[in-house]
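Student: I'm new to this structure and would like a close look at a single part of it. Could you pick out a pair of charged side chains and walk me through what surrounds them?

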Amino acid sequence: MENKERNMDPDREREEEIRRPSKHKERLTIMIFKKAGKVRTLEISSRLIFFASLFFLICIVAAIFFTNKYLAYFYIYKTDKMQADKIAELSRELIKITKSLERSKQKIAFLNDYVIGEEKDKSPEPMPTVDHTETSLPKIVDIDELKVKRDRSTISINFRIVNRQLNEKPIGGYIFFLASIKDSDSSGVWSYPSSQLKHGLPVDYTKGQRFLIQRFKSIRNKYQLTRSTDKPLILKILVYDRSGELILKKVLEV
């Protein structure tokens, strides 16, 4: 009986070993053959292999991530540098173009002045056939450097009104320009500035063009007649003082 029990014990022990989880089953056995008859055996834990594989996987993912990030940064840096160089080049070109444009403007302005001067020299200004000033009026102001141009219904008048008082006391007043067709009735008279006329003179002298001078003042005006005509015109320049007294009357035929 004892022998049977002894014989049965090893079987039970095997069964119990099979049932119990063995720590050796969680390990991997690696056998290395060097020479005939010589074998080395290494046991490696499966957990160690798992964590090592996980570590290497993480390293690979991290390497790919940082490599892509570095490449992206390098690409952005290179692109920004190319754009900065291009902007600098365009700025230099813009400065050159601006300087060239300024020089062209100066040349154009010079040529314009030259052409205008040539035209002024070549185109003789029309001289009035009649030019007289009423001598009965007080010699307080006068008109000089008078230039009149006419193009059908357009009249341009440039002159200086000069203070003729000996004490050069400032003087002010009003100026009217009256235009009419020669040998026409008094009804066809144009007044500038516009004013109602009576006996060929403005009713309200304060509607004239104001002036105030110490020595002289340049007057430049351009007037447009209400209808076009090629007939000779009689142009009158009337100057009133502040009190409404007529102090100058100049008549021109243009």
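Tutor: Let's go to glutamate 145 and arginine 160, whose side chains meet in a salt bridge, with N to O at 3.8 Å. The term stands for a side-chain nitrogen of Lys or Arg within 4 Å of a carboxyl oxygen of Asp or Glu. Keep in mind that this is a predicted model, where local features need pLDDT of at least 70, side-chain atom pairs count only at pLDDT 80 or more, and totals for chains, interfaces and linings use all residues. Residues are numbered from 1 along each chain as its sequence is written, and side-chain values use heavy atoms, with hydrogens and water left out.

Because glutamate 145 lies in strand β4 and arginine 160 in strand β5, the pair ties together parts that are 15 residues apart in sequence. Strands (E, at least two residues) and helices (H or I, at least four) are DSSP runs, numbered from the N terminus. The two partners sit quite differently: glutamate 145 counts as exposed, at 52% relative accessibility, while arginine 160 counts as buried, at 19%. Buried here means under 20% relative accessible area, exposed over 50%, and partly exposed in between, using a 1.4 Å probe and protein chains only. Asp144 belongs to the picture too, since a network of salt bridges links Asp144, Glu145 and Arg160.

Stay with β4 for another pair. Aspartate 142 forms a salt bridge with arginine 164, and their closest N and O atoms are 3.8 Å apart. Aspartate 142 is in strand β4 and arginine 164 in the loop between β5 and β6, so this pair joins parts 22 residues apart in sequence. Aspartate 142 is buried, at 13% relative accessibility, and arginine 164 is partly exposed, at 39%.

A search of the whole structure finds five salt bridges. One of them brings together the side chains of lysine 182 and glutamate 253, at 3.2 Å from N to O. That pair links distant parts of the chain, with lysine 182 in the loop between β6 and β7, glutamate 253 in strand β13, and their positions 71 residues apart. Lysine 182 is partly exposed, at 35%, and glutamate 253 is buried, at 13%.

Back on β5, which covers residues 154-163, you'll find serine 156. This serine 156 is buried, with a relative accessible area of 19%, and touches Lys147, Val148, Lys149, Asn221 and Lys222, leaving aside residues up to four places away in sequence. Contact means heavy atoms within 4.5 Å.

Now for the nonpolar side of things. A nonpolar core is a set of buried Ala, Val, Leu, Ile, Met, Phe, Trp, Tyr and Cys residues joined through side-chain atoms within 4.5 Å. The largest one here has 26 residues, and Val141, Phe159, Ile161, Ile175, Phe177 and Val239 touch the most other members. Strands β4 and β5 are among those that each supply at least two residues of this core, and β6 gives the largest share, five residues.

How far can you trust all this? The mean pLDDT of the protein is 77, with 71% of its residues at 70 or more; pLDDT is the predictor's confidence in each residue, from 0 to 100. Over residues 123-129, pLDDT stays under 50, and the model has eight contacts for them beyond four places in sequence.
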